[in-house]
Number of protein chains: 2
Amino acid sequence: MKKLIVLPALLGLWLSAPAQQAIFEREGVVSPVVNNAEKSVTFRLEAPAAQVVEMGGDFLPLDSLGKNGAPMTKNADGVWEYTSAPLPSDLYSYYFMVDGVRVNDPANVYTLRDVTTLSNIFFIPGTRADLYEVKKTDHGTLAKVWYPTEHGGSRRMSIYTPPGYESSSERYPVLYLLHGMGGDENAWSELGRACQIMDNLIAAGKVVPMIVVMPNGNISRTAAPGETSRGLEQPMFNLPNTMDGIFESHFPEIVSFVDSHYRTLPDKSNRAIAGLSMGGFHSAAISRQNPEMFDYVGLFSPATKPRGEVYSPVYTNIDKKLARQFADPPKLYYIAIGKDDFLYDENVAYRRMLEAAGYPYEYHESEEGHLWRNWRQYLSDFAPRLFREK
Amino acid sequence: MKKLIVLPALLGLWLSAPAQQAIFEREGVVSPVVNNAEKSVTFRLEAPAAQVVEMGGDFLPLDSLGKNGAPMTKNADGVWEYTSAPLPSDLYSYYFMVDGVRVNDPANVYTLRDVTTLSNIFFIPGTRADLYEVKKTDHGTLAKVWYPTEHGGSRRMSIYTPPGYESSSERYPVLYLLHGMGGDENAWSELGRACQIMDNLIAAGKVVPMIVVMPNGNISRTAAPGETSRGLEQPMFNLPNTMDGIFESHFPEIVSFVDSHYRTLPDKSNRAIAGLSMGGFHSAAISRQNPEMFDYVGLFSPATKPRGEVYSPVYTNIDKKLARQFADPPKLYYIAIGKDDFLYDENVAYRRMLEAAGYPYEYHESEEGHLWRNWRQYLSDFAPRLFREK
């Protein structure tokens with residue numbers, strides 16, 4: 001059993017502190033461990049008194065209930081272990097089930113929240129992780145900014161400015177990057193690794209330095225859970241007013257705030273908008289509503305229809321608005337979706353409609369479904385295409 | 001047993017998605033619940049198969065092993081429960097022990113990392129939480145910025161700019177706010193609630209709008225765990241080069257970066273430096289080393305001596321440097337510590353030394369020990385004192 005070594009000589013002075021004073025090294029098993037040779041991963045949990053320990057994770061085989069899971073095995077030291085199959089390079093998430101309770105790996109402090117649950121994460125080094133990990137390159141700045149709105153108080157967004165922004169007087173193009181239902185202004189920078197993707201692709205010369213603006217598209221919330229005056233509320237997937245036209249119709253005030261507070265190139269040829277799922281739906285509607293605003297549109301696993309009976313002027317006269325948008329068409333209208341996505345069929349219908357009208361678009365189809373694994377890849381594929389034509 | 005209600009009509013469409021597609025609401029017990037009348041807190045964990053469930057938390061009584069803990073009781077539904085004593089307003093942290101395994105509360109997505117462990121958090125509303133929670137006021141911006149250094153690559157810091165910074169052309173005073181051993185550039189904004197404290201005190205007119213700069217004081221790391229090219233490494237309390245003079249001697253390059261990239265008032269009367277524990281040690285050394293730089297110095301539960309045998313020019317001729325610093329004394333030299341702090345005795349010695357030399361300082365003594373509970377309060381007490389005299 002691998003143990004972290006504690007250095008008692010160095011620590012003695014501090015450990016003599018009363019126990020309620022939180023100064024300590026962690027002792028115990030190391031988990032997860034990427035087995036270098038074959039890129040499998042070993043997970044460990046010290047739980048001698050537990051009866052049954054299983055794990056869940058987005059890289060595990062589907063069990064009979066349709067869940068991605070695997071049983072763990074207890075060794076002679078009371079440590080439960082599981083070693084995965086060799087895995088392709090990516091960012092993965094997992095959790096343990098200890099006697100039926102879903103818990104995080106106490107040996108791994110790295111977690112991400114996806115809507116209502118926390119999971120631990122790890123990287124398998126290689127092609128994809130080379131885009132998602134922090135590398136020895138220059139880094140942009142990520143700011144959490146509150147902006148005033150006309151429809152009720154201030155709202156929060158995340159803004160990435162590229163390396164060199166602070167020390168130059170240059171102006172930059174802007175990508176507006178929207179999250180899905182249940183997401184928030186932190187989703188793309190945390191689950192989506194957007195800052196690392198931009199840093200690494202800019203450093204490689206594959207992406208034009210740009211500002212990336214990540215607003216909060218849940219109009220009933222001013223910011224991510226825990227960042228509003230609602231306190232530490234339980235996050236929700238189905239928030240009110242998520243796809244009712246309010247966010248889309250007020251979007252120009254975000255563009256106007258960004259153009260007046262950042263050194264942007266404030267014209268159509270230097271603006272892109274993209275989003276995943278609900279954010280793809282928003283991106284289609286906002287770019288259609290404001291045909292003079294965006295020359296690049298990215299729809300990642302997009303919803304293509306309002307949910308249920310919703311009236312909004314944003315959702316009327318769609319044919320006419322699309323005709324106006326494609327009269328002077330965006331330089332890139334990009335749609336990407338996975339083969340197993342539950343929105344696949346409605347995307348087929350949406351693409352047939354575009355084709356029937358003769359509107360040009362580009363299409364990228366990937367494996368798997370409605371997953372961050374895909375959205376990180378779509379961003380990595382879409383961003384290098386932006387702002388190349390002048 | 002309280003259950004969250006899931007709305008099947010709304011969710012049906014999405015839940016028909018394959019199970020590996022992470023779109024869901026959370027079902028299950030609600031935990032924690034603050035009992036409004038008396039401000040006690042009830043914790044719940046659904047774990048019918050577990051043998052023993054206990055909890056730990058910084059508000060719980062000390063058990064016989066000197067740990068803050070309490071047993072939980074299983075009810076007829078297989079839910080383990082514990083209700084705390086009434087608690088004074090504050091931010092508290094806790095975790096569960098399920099059959100000997102330390103885990104987070106799966107019903108609470110809000111966690112904070114303190115060096116090597118994650119704990120869940122909650123607020124007891126009232127006096128202190130009114131400073132720490134996000135309120136309906138204007139909010140400043142928090143940016144994660146990389147700055148170039150002369151001693152090896154770029155380093156990351158957190159910078160808070162006050163409400164109105166972006167839309168004004170005003171210049172602002174600057175507080176440099178330093179973390180303790182095992183901390184990083186995120187410690188004050190996350191564990192320390194520094195942005196909320198500043199937002200709320202500025203909104204109340206109790207604090208002068210100021211920039212707050214929170215660098216990373218671990219010279220062997222360029223940024224917080226997970227934010228460097230070392231990947232998702234295990235966080236460590238005892239990092240190399242934490243108190244060896246390198247951070248302190250290079251501190252002027254941070255001031256110079258901030259003065260050249262932000263609209264600061266770049267003089268002594270508009271600069272403060274404060275820190276907790278190791279950060280208090282750093283603040284004393286940096287202000288002593290640069291007597292022309294800071295008019296306000298805050299030492300929160302400070303270490304006062306290098307650890308072990310360390311040579312650095314920063315730690316030589318201390319008497320002479322203090323004499324120079326106090327020849328034109330800072331407007332405020334503030335020391336705060338808790339009665340139970342393991343650094344209490346060396347702080348008595350440090351204060352006696354200042355008194356013997358006739359150097360003016362202010363002293364604040366609180367209950368308890370080396371805890372974030374105290375450091376948040378020291379910041380709330382110290383910040384209103386800054387930049388009042390012109």
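1. Two strands are taken as paired if DSSP finds at least two bridges between them; helices (H or I, at least four residues) and strands (E, at least two) are DSSP runs, numbered from the N terminus. In strand E7 of chain A, A:Met97 is the bridge partner of A:Glu54. The model is predicted: local features need pLDDT of at least 70, side-chain atom pairs count only at pLDDT 80 or more, and totals for chains, interfaces and linings use all residues. Residues are numbered from 1 along each chain as its sequence is written, chains are lettered from A and ligands numbered from 1 in the order in which they are written, and side-chain values use heavy atoms, with hydrogens and water left out.

2. Strand E7 (residues 90-98) of chain A has 8 of its 9 residues buried (under 20% relative accessible area, with exposed over 50% and partly exposed in between; 1.4 Å probe, protein chains only). The strand is therefore largely enclosed by the rest of the structure. Strand E3 (residues 53-57) of chain A runs antiparallel to E7(A) and is joined to it by 5 bridges. Strand E10 (residues 117-124) of chain A also pairs with E7(A) in the antiparallel sense, over 5 bridges, and here A:Tyr94 stands opposite A:Asn120.

3. E7(A) further pairs with strand E8 (residues 101-103) of chain A, antiparallel, over 3 bridges. A:Phe96 stands opposite A:Val103 in E8(A). The two strands form a hairpin with 2 residues between them, and A:Asp99 in the turn has a positive phi of about 45 degrees.

4. In chain B, an open sheet of 4 strands has the order E1-E2-E6-E5, with antiparallel pairing. Its edge strands, each pairing on one side only, are E1 (33-35) and E5 (73-74). Strands E2 (residues 40-46) and E6 (residues 79-83) of chain B are joined by 5 bridges, and B:Glu46 stands opposite B:Val79 in E6(B).

5. Chain B superposes on chain A by a rotation of 180 degrees with 0.0 Å of shift along the axis (RMSD 0.0 Å; least squares on the C-alpha atoms of residues with pLDDT of at least 70 in both). That is the relation of a two-fold axis. In chain B, the C-alpha nearest the axis belongs to B:Ala143, 2.0 Å from it.

6. The largest nonpolar core (buried Ala, Val, Leu, Ile, Met, Phe, Trp, Tyr and Cys residues joined through side-chain atoms within 4.5 Å) has 70 residues. A:Tyr176, A:Phe251, A:Tyr333, B:Tyr176, B:Phe251 and B:Tyr333 touch the most other members. A second, separate core of 44 residues includes A:Leu45, A:Val98, A:Ile124 and B:Phe59.

7. Over all chains there are 52 aromatic pairs (rings of Phe, Tyr and Trp, its six-membered ring, with centres within 6.5 Å; planes under 30 degrees apart count as stacked, over 60 as edge-to-face and the rest as tilted). A:Trp188 and A:Phe300 are edge-to-face, 6.2 Å centre to centre with 70 degrees between the planes. A:Trp188 lies in helix H3 (residues 187-190) of chain A and A:Phe300 in strand E16 (residues 296-300) of chain A, so the pair ties together parts that are 112 residues apart in sequence. A:Trp188 is buried, at 1% relative accessible area, and A:Phe300 is buried, at 0%.

8. The rings of A:Phe326 and A:Tyr359 are stacked, with centres 4.6 Å apart and planes at 10 degrees. Both A:Phe326 and A:Tyr359 are buried.
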